[in-house]
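Me: Could you walk me through this model, one question at a time? I'd like the reasoning along with each value.

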Amino acid sequence: MKYFYSILLSCGLFACTKTETIAPKAEPGNRIESFRIVNVQGEPLEAAISDKENTITVYWPFYKQLSILEPAIALPAGATISPASGTLIENVFEALRTERKTTYTVTGADGSRREYKLQLKVLQPELVLKEVSSPDDIKAFSINMKEQYSSFSVTIQGSGFLENNDLMRVVPVDADGKELPPFMLGITNLGDITRITLHCEKYQEPYSPLVQALPATGLYRLRVYCYGRVKTLQFPIRINKLQ
Amino acid sequence: MKIKLTSILALAFLMACSKDDAPVKPDEPAGGGGNTVKTGTYRVVNLVADTSATSAGDAVSLYYSLEENKVVPASQRQTGNWDIVFYGIYNSSIYPNNGAAQGSPGYGGPGKAEIAVIVDRKFDVQYYDTTNFRPTQIPVPAALWNEAYAKVTQVPAGLKFVTRDIGLDHFLGGFDGWGYYDFYGRLFPGDPQKSHVVYTMPRVMIVKTHKGRYAKLMMESIYKDSPANPNRTNKPGYITFRYSIQMDGSVNLNIP
Amino acid sequence: MKLRIWILAASALLASCSKDGDEKPTLTGPPSTTISDLQADTGASVGDDAGEGKEKRPFYSLTFSFSTKQSRLIKTKADSLQYLKNTDWDIAFTQEYNSYVVVNNGTYTGTPGAGGPGKGAMIIIEKPYDQVTEAPSDEDFENKGVHGVGWDSGNGYGWFFYSLSNHICVPIKNRTFVLRTAEGKYAKLALLNIYKGNPPVVTDLFWPAPYLTFKYFVQTDGSRRLNTSN
């Protein structure tokens with residue numbers, strides 16, 4: 001009797017549910033297993049891979065102030081990737097500023113290809129800028145090309161600036177929306193992250209790209225690039241170049 | 001019997017399900033190039049740092065790999081591809097590549113290098129006032145360089161490594177350095193050509209490279225063609241130094 | 001009676017509320033001492049063209065006592081012999097532009113206090129002055145202490161940056177120095193400026209200097225407490 005029930009049970013199991021062994025869908029041979037940024041102190045930064053969107057997203061906090069990224073990329077057996085693992089992602093600030101497009105192409109062992117888009121996302125607080133001019137007070141600055149030495153400075157107050165001048169860039173934007181070459185950033189308030197001082201000076205040739213690009217006069221809105229953030233002042237300043 | 005079979009089948013099913021193919025180990029980062037030097041002594045002569053350097057400016061930084069005996073682009077300062085950098089006024093601050101050291105050019109990167117300067121006062125008295133921290137004779141006898149260097153046959157036990165720079169000796173600061181900066185030409189009063197001159201001293205430094213190997217290093221000059229008695233007419237921005245690196249990872253620095 | 005008390009209480013309550021909703025905590029403790037424009041060796045010069053009234057010679061050290069606020073220029077060998085080996089001074093402003101600030105400690109070779117009875121020490125704290133409320137342990141002074149602070153080459157061991165491209169001393173913000181005075185009491189010190197009038201920004205390298213501006217507090221009861229009201 002005992003045996004009858006157990007036989008019945010097992011028969012039932014086998015009879016009612018046809019157990020098929022379904023192998024899991026084979027992982028594509030042309031995917032990225034992991035993408036890690038290794039040129040950091042402590043644990044590497046793990047990027048998020050999306051095989052649906054075909055993106056590699058690197059997140060990192062702004063205070064790491066990374067100017068270059070070194071990825072270590074893991075792939076399935078037999079796959080290759082271009083650019084290769086270890087190829088440096090240079091000039092991160094420029095990449096953020098210009099929204100530089102980088103594509104990684106994985107070729108699986110079976111020859112199939114997949115292209116991933118790299119996305120750089122720096123986690124950074126807001127950039128807040130205090131206006132230099134106001135609607136009824138447009139501040140004016142001048143460079144006098146006739147003098148042996150001529151310069152002017154503009155201070156922008158706010159918050160969210162970085163201590164590292166290499167990760168900030170301020171340009172004048174003319175009335176047509178065109179950006180002129182950048183200002184020099186002052187070093188006398190290093191570490192003061194509530195202000196940046198812009199310098200423009202004319203001394204000996206060759207003159208700075210900004211001095212060369214300035215026309216006789218113009219109204220310019222100041223645009224501040226600060227690592228992963230950018231903001232443009234609403235009210236312009238006037239810059240005169242006296243020749 | 002049948003039940004046992006079920007269990008076996010179930011087990012087999014489970015085993016089949018478990019993913020056994022672990023991901024391929026990532027490639028070694030290609031950045032370094034991989035052409036490391038052999039254990040030995042290397043002399044780097046007139047390395048062009050920043051020949052526009054004058055006392056009126058901070059020189060362009062020069063990043064160097066002792067493991068590969070070559071310059072590394074400044075854009076790679078936050079990588080492990082270099083060991084020391086010649087930084088600041090006259091490239092006189094030698095920082096090790098240490099990513100944890102605030103204020104270091106390598107800050108934020110993976111660097112683990114460290115540096116130390118060996119202070120041997122008994123040796124120093126031959127050319128140096130150990131109370132007031134300045135050379136007693138210029139030029140410092142040339143033989144002292146080889147003597148000081150040869151004396152270091154291994155990393156001294158208990159040597160205190162730091163992650164900050166080794167630079168100008170006691171210059172507006174309390175640290176021993178490799179070079180004496182005569183700000184106003186005090187060693188040669190009345191000679192205006194002798195102010196703002198950096199006199200290299202026969203001091204041996206020990207570098208622990210980013211990869212953990214030891215090297216001894218000695219500066220010879222920051223002026224073109226290493227004049228024995230430099231003055232302001234000599235061109236700074238040309239670095240001459242020698243180093244011996246031990247590639248086996250030990251502290252043995254008895255390297256011919 | 002009751003109404004009056006109520007009104008008083010109410011006004012006291014209103015008065016105690018911070019006006020602009022500012023969350024800055026009120027600082028409590030004794031006041032700090034600020035020394036403005038302490039004239040150091042303005043007779044010395046480092047340039048080749050010394051200028052009016054200046055000599056091209058090494059700078060005389062200037063000693064300073066926290067308790068008496070007395071300062072003294074050490075000009076001659078006789079001065080050195082007479083005025084240095086004692087605990088009458090706590091810090092000395094030495095070397096070029098009197099910019100290397102050292103403590104009075106008998107064991108510190110090459111400093112004005114060498115060979116004397118001073119027990120001074122200094123440690124660098126990366127915090128704003130009013131956030132430093134306690135002196136670190138003797139062990140910290142031993143391991144992380146410095147003899148003095150001057151030019152910071154970027155390594156964190158100084159009180160000002162100096163770039164030879166503009167020849168300006170830029171004081172480092174939010175850095176405080178915790179000291180032991182010559183007699184071993186705990187103190188905190190902020191070094192603020194080397195230029196006359198303590199201007200926030202200097203662009204003229206010939207601005208009058210050295211005129212030292214600094215702020216300090218000494219805990220005379222011997223404890224490590226360093227909280228101050230300003």
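Here is a short round of questions and answers on two chains, their interface and one residue.

Me: Happy to start with the chains. How many helices and strands does chain C have?

Reply: Keep in mind that this is a predicted model. Chain C has 230 residues, 47% of which count as buried. Its secondary structure comes to three helices and 12 strands.

Me: Which percentage of the contacts in chain B with a separation of 6 or more comes from residues 24 or more positions apart?

Reply: Chain B has three helices and 13 strands. Buried residues make up 52% of its 256 residues. For contacts with a separation of 6 or more, the share from residues 24 or more positions apart is 61%.

Me: What is the accessible surface of chain B, and which share belongs to carbon and sulfur atoms?

Reply: For chain C, the accessible surface is about 12000 Å², with 52% on carbon and sulfur atoms. For chain B, the surface is about 11400 Å², and the carbon and sulfur share is 55%.

Me: Now the interface. What area do chain B and chain C bury between them?

Reply: Interface size is often expressed as the accessible area lost when the parts come together. Here 31 residues from chain B and 26 residues from chain C take part in the contact. Carbon and sulfur atoms carry 59% of the buried area, which totals about 2200 Å².

Me: Which three residues supply 34% of the area that chain B buries against chain C?

Reply: On the side of chain B that touches chain C, the residues divide into 13 nonpolar, 12 polar and six charged. No other three residues supply more of the area chain B buries there than this trio: L172(B), F183(B) and Y184(B).

Me: How many residue pairs in polar contact does the rule find across the interface of chain B and chain C?

Reply: Salt bridges first: the rule finds zero across this interface. For polar contacts, with both residues at pLDDT 80 or more, the number of residue pairs is seven.

Me: Let's zoom in on one residue. Is Y162(C) buried or exposed?

Reply: Y162(C) sits in strand β8 of chain C, which spans residues 158–163. Beyond its neighbours within four places in sequence, Y162(C) touches I89(B) and F183(B) as well as W151(C), H167(C), I168(C) and C169(C). Its relative accessible area is 14%, and the cut-off is under 20%, so Y162(C) is buried.

Me: What separates the C-alpha atoms of Y162(C) and S61(C)?

Reply: Along the chain, Y162(C) and S61(C) are 101 residues apart. In space, their C-alpha atoms are separated by 20 Å.

Definitions and conventions
Residues numbered from 1 in each chain as written. Chains lettered and ligands numbered in written order. Predicted model: local features only at pLDDT ≥ 70, side-chain atom pairs only at ≥ 80, totals over all residues. Heavy atoms only, no water. Helix = DSSP H or I, 4+ residues; strand = E, 2+ residues; numbered from the N terminus. Buried < 20%, exposed > 50% of the residue type's maximum accessible area, 1.4 Å probe, protein only. Areas by Shrake-Rupley, 256 points an atom, 1.4 Å probe, with all protein chains shown as cover. Contact = heavy atoms within 4.5 Å. Buried area = accessible area lost by both parts, 1.4 Å probe. Salt bridge = Lys/Arg side-chain N within 4 Å of Asp/Glu carboxyl O. Polar contact = N/O pair within 3.5 Å; in protein donor to acceptor, adjacent residues only side chain to side chain. Nonpolar A, V, L, I, M, F, W, Y, C, P; charged D, E, K, R; others polar.
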